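Trainee: I'd like to learn how to read a small sheet. Can we work through one together?
Mentor: Sure, let's pull it up.

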Amino acid sequence: MQQPWGTDPELRDHLVWQFVEWAGQRADTVVHVEDAITALDWSSLGPSAGAFRWTASDVDRFLLEYLPERLALPATVCANGALTLGPLLHFLARAGMLSPDSDLPEEIEERCEEVWEAAEHRASYDVAAKALFQHVRGGEELTFAEQVSRVRTMPADEVKRVLDGVERRAVGPLRLPNEREQAFAAERAPVFVTFAQLRQACGEDGIELVDKGQLPENVAMQLGMGGSELAWALAAGAVRRFKGRLVRVAAWQKLERYPLNVIRKAFAAQTRVPRRSLAQLSIELVRAAVARRSVDLAELPAPGEVVDFLMDCGLMFALGGEARLTACGMPILVDLAEENGLLVRVLPPPQWANVDELIAAIAAAGDEWADDVREWSLEQPERHTARILISRIATPDRPTAHVMVAIQACGDVFGDRQTVPPVRLLLGGPHDGPALLWLLRHKALDEGDVPAVRIADANVAELAGLLDSGGVQRVLDAVADHGDTARTVEFLNLVWRSDHPRTCEVLLVIAEHYGDDTVAAHAQKLAERHRGWHTRG
C-alpha cells in the first residue's frame, strides 16, 4: 500500500470538487466520486511537493488490490474504479500535479482502460462476482457495466450476506476446452450438420414448399427431416419461408464462422423441451464434469426427450451407457447451470489467469499444463516467472504429482537456467523427492554426492504421486522407462530400501500389473522383504 499524501482533508476535497467540475465541463460523468477521494488518499507524493506519483503498476495495485480490500468487493467489481481513476489522473496531469517520475499520462490512462476491459472478460471466472451479479440481476437482462454499478451501490451488510459461504457452495475448478476444441466439436454436432445440409439443399433459389409450408416428401426423406426439425431450423434462423419457398438466411453464413454460436442459437431456439428438466440435467452434467467422471444414462434426472435434445445439439455424448459433456457442451451447459443457481468456479484461459488460477488448472490439464504456462508467460512482464510459479506451488499440502508437473513444465518452458535455482530451494523440504530427481536428470546435481537411500525415497515419492494422479498405468510406464529387464530389476533393488511409507504399496502395484514376469516376480519378492524388514524393525 502507498503512503497517504498527508494534506488537509479540506484541500483534498477541494481538489476533488475541481476535478468533478472539470469533468462536467468535458461532459464526462464521474462514476464514483468516493473513488477519487480514496485514490488521492492512497497516492504517494513524488520528489516535488504537491505532485502525485502514479505508474501503470500503481493503477493495478490500487484497483485490483487496495480497493477490493477497502470495499470488501471482488476485484472484478472494483475494476470499475478505472472509470473514475482514468479521468482523475488526466486532470492531475493537465493541472501539472503528476510528478516527473510518473509514467506518461497516456500510458496510465491506457492501463485504466485495459483493467476495465479485462474485468468484463474475467467476470465469468470470478465466483464472488457471479454470486453478486446473480443477486442484483434477478430476472432482468443487464449489461456488465449495469450489474457492476448495482453491486457498487449495495449496502455492505447485504454484500456480506450474499458472499457468505460462496466459496463453499461453488463447484470447481473446471477447465473449459479451448476455442479450437469447442469449434471442432460444434462442427460435428448433429444439429450443425443438419442445418448446413438444409441450407445447401435450398441453394440460391430455395425449395418450393408444399402442404402448408412443409418440405416436399422427397427432399424431407433425402435430408432425414420431419416437421419438427424444419420448425427448429426456422426458429433458429438458419432458413425462412419466403413467397412459398424455403430460402437461406444470409446472416446465418456469418454465424457459421463461429460454430459454437450456431449451437448456442439452435439450443436457445428449441422451446418444446421441458426447461426445468433441462436445467436439472445441466447441473448434474456440470457437476460430473467438475469431478471428471461420467454419468450413468439410466440414472439421468431427465426424460428421454431432454437427453435426445442434448445429443442432437452435440452437447453430450454417450459411450457404453455413460454420458459426458462434449467440448462445445461444457461452456453452454455451464451457463445454463449458473442461470439456475449453480456457481461454477471456471478457470480462465491461461492468458487471463493469475498465478493461483494457473496453478488450479494443473489437475485438469495434467501434462498439457506446460502449454498453459507457455501461453500465460507471454502475458507476464516479470522475468522470474519460473521462480514465482515454483515458490507458489510447492506448499506442504500440495500433491506431489502437481509439483512434479509444475517443475517439469517450468523446465520445458523457461529452460534450466531459470528453473534450477528455485528447484534447488525445494531440497530438504516436503517436496524434496521431485526436486531431487529433476535436478539429477538435468545434471544440476552429481548423483555421487547424494545418499542412495535419499534417491530411493525420491523415486518412491514420484511413483506414489504418479499412482495418485494417473493410476496404475502411469506407474508402469515410469518403471518401463528404466529400460530392459536387467535395468528395471536394478532400479527396483534401489527402490525397496526406501523408508518411504508407500514403498511396499508401489512394489505391490508393480508386482501385480507389470507385463514382464521376471520384473513382477522380483517386485513381489522385494515387497515381502521390505514388509518383513520393517516388521522386524
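Mentor: Start with the rule for pairing: two strands count as paired if DSSP finds at least two bridges between them. Keep in mind that this is a predicted model.

Trainee: Okay, how many bridges link β5 and β6?
Mentor: Four bridges, and β5 pairs with β6 (residues 245-248) in the antiparallel sense. As examples, Phe-242 sits opposite Arg-245 in β6, and Arg-241 has Leu-246 of β6 as its bridge partner.

Trainee: What joins β5 to β6?
Mentor: A hairpin, with two residues between the strands. Look at Lys-243 in that turn: its phi is positive, about 55 degrees.

Trainee: And which strand does β4 pair with?
Mentor: β4 is joined to β6 by two bridges, again antiparallel. Here Ile-207 is matched with Leu-246 in β6.

Trainee: So what's the strand order in the sheet?
Mentor: It reads β4-β6-β5, an open sheet of three strands with antiparallel pairing. The edges are β4 (207-208) and β5 (239-242), each pairing on one side only.

Trainee: Which helices pack on the sheet?
Mentor: Helix α12 (residues 190-202) does, touching β4, β5 and β6, and its direction makes about 115 degrees with that of β6. Helix α14 (residues 227-236) packs there as well, touching β5 and β6, with its direction at about 95 degrees to that of β5.

Trainee: Where do side chains point in a strand?
Mentor: In a regular strand they alternate between the two faces of the sheet.

Key. Residues are numbered from 1 along each chain as its sequence is written. This is a predicted model: local features need pLDDT of at least 70, side-chain atom pairs count only at pLDDT 80 or more; totals for chains, interfaces and linings use all residues. Side-chain values use heavy atoms; hydrogens and water are left out. Contact means heavy atoms within 4.5 Å. Axes are lines fitted to C-alpha atoms, for helices over the stretch in contact, and angles run from 0 to 180 degrees between N-to-C directions.
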